[in-house]
Amino acid sequence: MSEAAVTTTEGDVEDVDSFRTRLRSWLADNMPPAPANARIGVRGDMSDEEELADVAHTRDLQRRLFDGGFAGIIFPKEYGGAGLTNEHQQVFNEEIVGYDYPSRIQVPTFQPCATVLLEFGTHEQKLAHIPAILKGQEIWMQFLSEPSGGSDVAGAQTTAVRDGEEWVLNGSKIWTTGAWWSDWGLCLARTNWEVPKHRGLSVFMLKIHQPGIEVHRIEMLNGSKEFCQEFITDVRIPDRDRIGAVDDGWTVGTRWMFFEKSFGISYHTTRPAGPRANATPGTSPYLRAAQRAGRLDDPVTRDLVGEGHALGLVSAAANARIGKAIATGKMSSQGAGLSKVLGGTISLRLANISWELAGAAGAAWTDDDAAQGSQGVAFLTRQA
Amino acid sequence: MSEAAVTTTEGDVEDVDSFRTRLRSWLADNMPPAPANARIGVRGDMSDEEELADVAHTRDLQRRLFDGGFAGIIFPKEYGGAGLTNEHQQVFNEEIVGYDYPSRIQVPTFQPCATVLLEFGTHEQKLAHIPAILKGQEIWMQFLSEPSGGSDVAGAQTTAVRDGEEWVLNGSKIWTTGAWWSDWGLCLARTNWEVPKHRGLSVFMLKIHQPGIEVHRIEMLNGSKEFCQEFITDVRIPDRDRIGAVDDGWTVGTRWMFFEKSFGISYHTTRPAGPRANATPGTSPYLRAAQRAGRLDDPVTRDLVGEGHALGLVSAAANARIGKAIATGKMSSQGAGLSKVLGGTISLRLANISWELAGAAGAAWTDDDAAQGSQGVAFLTRQA
Amino acid sequence: MELQLTSDQEFFVETTRKYLEDKVPVQSLREKRDDPDGFDRPYWSQGAELGWTSLLVSEDDGGGSISGSGLADLALVAFEFGRHAAPGPLIPTNVVAAALSMWGSDEQKAKELQGILTGEVVAAWALDEPRPHDRLGDVTLAAEPTGGGGFRLTGVKEPVEAGGQSDVFLVAARTPDGLTNFLVAADAPGVTVTPMHGLDLSRRFAQVALDGVELAASAVVGQVGAAEADNERLLQLALAIQAEEVVGAMDRCLEITIEWSFNRYSFGRPLASYQELKHRFADMKAWLEAGHAIADSAVANVAEQTPVAAETVSAAKSFLGVYGPELAHDCVQMHGGIGVTFDHDLHLYLRRIVIDARLYGSVADHRQRITSILENRETARV
Amino acid sequence: MELQLTSDQEFFVETTRKYLEDKVPVQSLREKRDDPDGFDRPYWSQGAELGWTSLLVSEDDGGGSISGSGLADLALVAFEFGRHAAPGPLIPTNVVAAALSMWGSDEQKAKELQGILTGEVVAAWALDEPRPHDRLGDVTLAAEPTGGGGFRLTGVKEPVEAGGQSDVFLVAARTPDGLTNFLVAADAPGVTVTPMHGLDLSRRFAQVALDGVELAASAVVGQVGAAEADNERLLQLALAIQAEEVVGAMDRCLEITIEWSFNRYSFGRPLASYQELKHRFADMKAWLEAGHAIADSAVANVAEQTPVAAETVSAAKSFLGVYGPELAHDCVQMHGGIGVTFDHDLHLYLRRIVIDARLYGSVADHRQRITSILENRETARV
């Protein structure tokens, strides 16, 4: 047994090496290769039909993993997971490189929604939802931000009023990505106005498509309509769909937001492993951008290409390190915040670099220069 | 009369055009040309003997201006000034370009010390010191910061205890530039411990070289010993050397610190006017640095040279604009803070550019590369 | 904030401001997103009546200034254009007007220039070319002599602002005798105008392709071979106007954001602590004032044609190309999610600032240009 | 913070740490500012006994690792060197040791390498040259064949770390058959060593001038003409070790500053609000962790000679070359005036970080090197 396995839980856990062998052969037989031009973060370019087809494809990929026994590597077996360790998920992350995988279901369905459910849900709640999530049947969203709230989620004004064994919800949530094609929402609501704001909140599970919930798609400045606002009017849900104690929603919320920050280092999600483990190094989008702009002969451009590639390597290495430090207890869970701070700094710089590399065609472009144009549009939403 | 003169005080003020003519001819006859390699901000490189000679030279230049009637352009005539307007000082700033001038006496002697004296001093106090300052006989320093204080000057712990018509001072001040070659200090001291800290301060004028004041020169990491710390032990000064009311030092201090921030836009000081007014544009230190490093063929280097020069132009234009906006009442006196914020951002970037341009010789250098080496040393004190 | 306007200038600015608020309120810009032109002709010709196109034209040619410096007056219009993210070919039409007034033939002045002054003619400046010739000042479009002083032009210009809305183009081309400017009618045989995509909601860009366009000698603007120096002058004018427009847009961005942030703060829903707000706004105000200062300095130096005009416009361009987008992005970011929605006003200014950062050379182009200017000066001294 | 050390490694690091604290406490560094050597030989040979010079040497040659990866072990020493701003030629001597172990002749191994292992011999790597040949990898020093396999070397190397304190140099030179490495004794006729000025208080640099230095064939290290590839390997080793040293210095800077700031805060004399402190420290911690991550990644990739080793060391170099000085400067700035006094410790780390940012290529050199690596890879694929 390798040294790494020493830190796993006791019991008859499959050896990571044999897991790798089994997984490698299963992937080769069952999973399609990664699409040639993976659309990364530009879902706004899809038509609604393409988007819905992609969601269906995601569900299908997740179902394949489930049927192969590879969905939810570290989720408990009793809820449909594989019941394995972080090390196994790491192996999965390494082996999935080059294959298609259900990327859009990782966040926020697995992290933070399913993780919140695992930590705070009752046995019945977990049985009702975790297997469905792992089968790709339920895609979850966060009903967290509110129009008036800014970053102060504890100031939630969406109310849940008790009526016997039911709760009646009213209010509005905003910035839910893709609520229009999702199934369930994790919803933070105010259940008590008489106490300080952090002490009057509760968390509920909410079916998105039901009478009383109107989903409005917000148009972003880049034309994307991915984000939604929901108007919730007299929606009644059973008390069994409450997560955690009444008025104790902030306890759940604190962990929820921690999980949200941790997506880059979580083992509850699948992230194809970075360049280190990637035996054949990939090409660089910055190099391609410089080639498209015909500027590879310009040292200033070459400087930017190198900086972009370096920051990508730094980012991958940092997330791996911070993840490992938290997993091994060398760093407190606050370390997740560092990952976010760094990610913010780096992604900002990378957005600037991409825009620089796009040249004048990043401002006005012909059909031939659509790639540069999309960098210009992306730059407009740098902060988003 | 030009439109600008409309805003001057009434009375028989000399027309700015005739002032310019008179000044131009006087300067040609009386002032030496600007030294070829003006030492800007690298006084740490001088030996003590050179430094003292330079101080004497400064006093001499100031005396020449006084004798010619051009010292303290906007200072009242009754205290030895020329009694003219901001417009006249602006003309002076434009005409002095190309001549040597007493640069080191401008800050902090004129601004903030003399300005504080003008605003808060009694007639007798002004008579005693302003003419001496304008003649180059008194060089003033700020006794403001304390070793324990950080940026919280209101927390001053240097005490002044009343004893009849005298005050007894004890404590320590720090970061006074060149106290070892200066004459007087403007000193903030605590006169009351029974009240909130801002309400127990008073301001005094303090002769630096006297028994009971020990001036210690602090060695900075770049080897400079320009900054001093003073240890004040049982120093007795007469009550007539108090500025402002007892315990009302914060009123004085607030303006004092405002004046300190305003040095870049003040008309109480002389600042040779920027590139706009400068008919023959100067060469760029960044270009010279790139030439020295043999890197003018490198576009990355050319980018840095251009950035450095541009920031210099921006900085000069911004200070001129902010100064004018405050002078004409378009901007509140808070605008001086903007000048400081901008100066901080720009000087930081310029320090980085200089260091970049120095290349490897900015880290280790031969005698031939001393200029690059000094850029390396300067970079170490970037924040100072 | 404008310093020291004369009362005539105050009146002039106020008229333009009211006109823009009335004719092109921000909501109308969103509605015109898919409009192929972005503005309509009556809007432009009424603007011309207000003086938008006459300020760089000499009095003899029917133009004139408000204050004595037409460029300073135009700078005030440009600032308001920025503050309103206003549509209309302000820069290209004024550049062409200036060129015709300075170097145009009597015929060109009588026809095209008069049309520009009344607003009946919209003119575009076709200087830039597509990659790999998209570096500042890189012109390859060929002008082949056809005898009798005529030329045949072949090549592509892009991006041309208002290229699809213009009646006439000022085209820079290479003749055997050097760079030369030509006036080319949009409907001349061999001219193909293709709309481009762009970031701005209200401004349009086009590719203008010239395929053996036959021109008479009368189409030449200025001297054959003189356009290198002429275009430097035009570039300086364009950059000075553009700098003021960017500063106007920055000014409005910051105004919106300060108002919004302190409102949220007073209603107890702050996105940031008061201290943090204060710090960030101090930074942004400093960038804005510095930007306004260098833009005004560019205007003054270009107007007076001082020896530092060239480096000052490039300093403005390179400073605003960095701090303009930074300020606008910071404003968006301080708004939280609402700032990136299409229905919000902020992105109209962000778009204007970002696109301006890319027209007439990049930040890097202008920094390197400054270095060349310094180098040439040094060489000239030796 | 080090992740996942074996207990042998823990012990090894702890020994080095105690030794450094004992022999070269920070006060001693200030005292040695004018010492021509910066360190003394007993200090170094005792360090060699602790294993400082044997980790990149194979077991057959008398070296060996603690954990199986000698470079990973050396990385731990380098980190401690950074945390203590420790003197001593850690990088150059280890680079020469690695070269001799990998490619040295039996004679070179028996003599110079054994001396390095015991600490009796100090070796320097003479790779870089003065401007205009100060670009990464630009070597012009000439090696002219003299018959019988011998060479005559003429040229200048600078900066050479520990050049004035070394017994032997590994010199890269151009022969007619390509780049070749030579071992040159410091006291060989024709060698002139001139001390340079430098930012570091405890490390010394020199110019090494070779004026017709006659070498026998036995002075060649590795194959004639093979040094292009060999030096790429050595450069990667040097950069990996250097990255860890920089991270160690950053770690100590931040530690000092956090302690100091919160002390001041609790004593009611803060230089910044609690909120501001928290934000700034979060940024700095993020840079530090990212720096440590990419440094460790560089070490791992270089140790395993993976296909991404070259770009990973350059990524580390270019990241740390920016964020190292930024972090150190921020730490100084948070201290207020006291941070820039000579008596404070902070500048010892600042110096180390700043000087390391300039050795073995600049940030720009390494960014452009990455681009070349990407480009070559792309070409190789086509």
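In this predicted model, 31 residues of chain B are in contact with 31 residues of chain D. On the chain B side, the elements that put in two or more residues are β3 (166-177), β9 (364-365) and α10 (370-380). Of these, α10(B) gives the largest share, though that comes to just five residues. By class, the chain B side splits into 15 nonpolar, 13 polar and three charged residues. There is strand pairing across this contact too: β9(B) lines up with β7 (residues 197-198) of chain D in the antiparallel sense, over two bridges. Within that pairing, Ala364(B) sits opposite Gly198(D).

Chain A also touches chain D, with 30 residues of chain A in contact with 34 of chain D. Here the elements of chain A that supply two or more residues are a pair of helices, α8 (299-327) and α9 (335-358). The bulk of the work falls to α8(A), whose 17 residues are the largest share of that side. Sorted by class, the chain A side has 16 nonpolar residues, along with seven polar and seven charged ones.

Turning to chain D itself, helix α6 runs over residues 106-118. Its 13 residues reach 17 Å from first C-alpha to last, close to the 18 Å expected at 1.5 Å a residue. Even so, α6(D) has a kink of about 30°, centred on Glu112(D). That same Glu112(D) is on the list of buried residues in the helix, together with Gln108(D), Leu113(D), Ile116(D) and Leu117(D). An α-helix has 3.6 residues a turn, so residues three or four places apart point the same way. The buried residues of α6(D) pack against two helices of chain D, α3 (41-50) and α5 (90-103), and against the strands β1 (123-126), β4 (168-175), β5 (178-185) and β9 (220-221) of that chain. After the helix comes Gly119(D), with a positive phi near 90°.

As for chain C, its fold has eleven helices and nine strands. Its radius of gyration is 21 Å, close to the 21 Å that the globule rule gives for 382 residues, so chain C is as compact as a globular protein of that length. Along the principal axes, its C-alpha atoms fill a box of roughly 75 × 55 × 45 Å. Some 57% of the 382 residues of chain C count as buried. Sequence-distant contacts show up a lot as well: among contacts in chain C between residues at least 6 apart in sequence, 76% join residues at least 24 apart.

How values were computed:
Residues numbered from 1 in each chain as written. Chains lettered and ligands numbered in written order. Predicted model: local features only at pLDDT ≥ 70, side-chain atom pairs only at ≥ 80, totals over all residues. Helix = DSSP H or I, 4+ residues; strand = E, 2+ residues; numbered from the N terminus. Rg over C-alpha atoms; globule rule 2.2 N^0.38 Å. Buried ≥ 20, exposed ≤ 12 C-beta atoms within 10 Å, placed from the backbone. Contact = placed C-beta atoms within 7 Å. Nonpolar A, V, L, I, M, F, W, Y, C, P; charged D, E, K, R; others polar. Expected span 1.5 Å × (residues − 1). Bend = angle between axes of the 7 residues up to and from the residue. Pairing = 2+ DSSP bridges.
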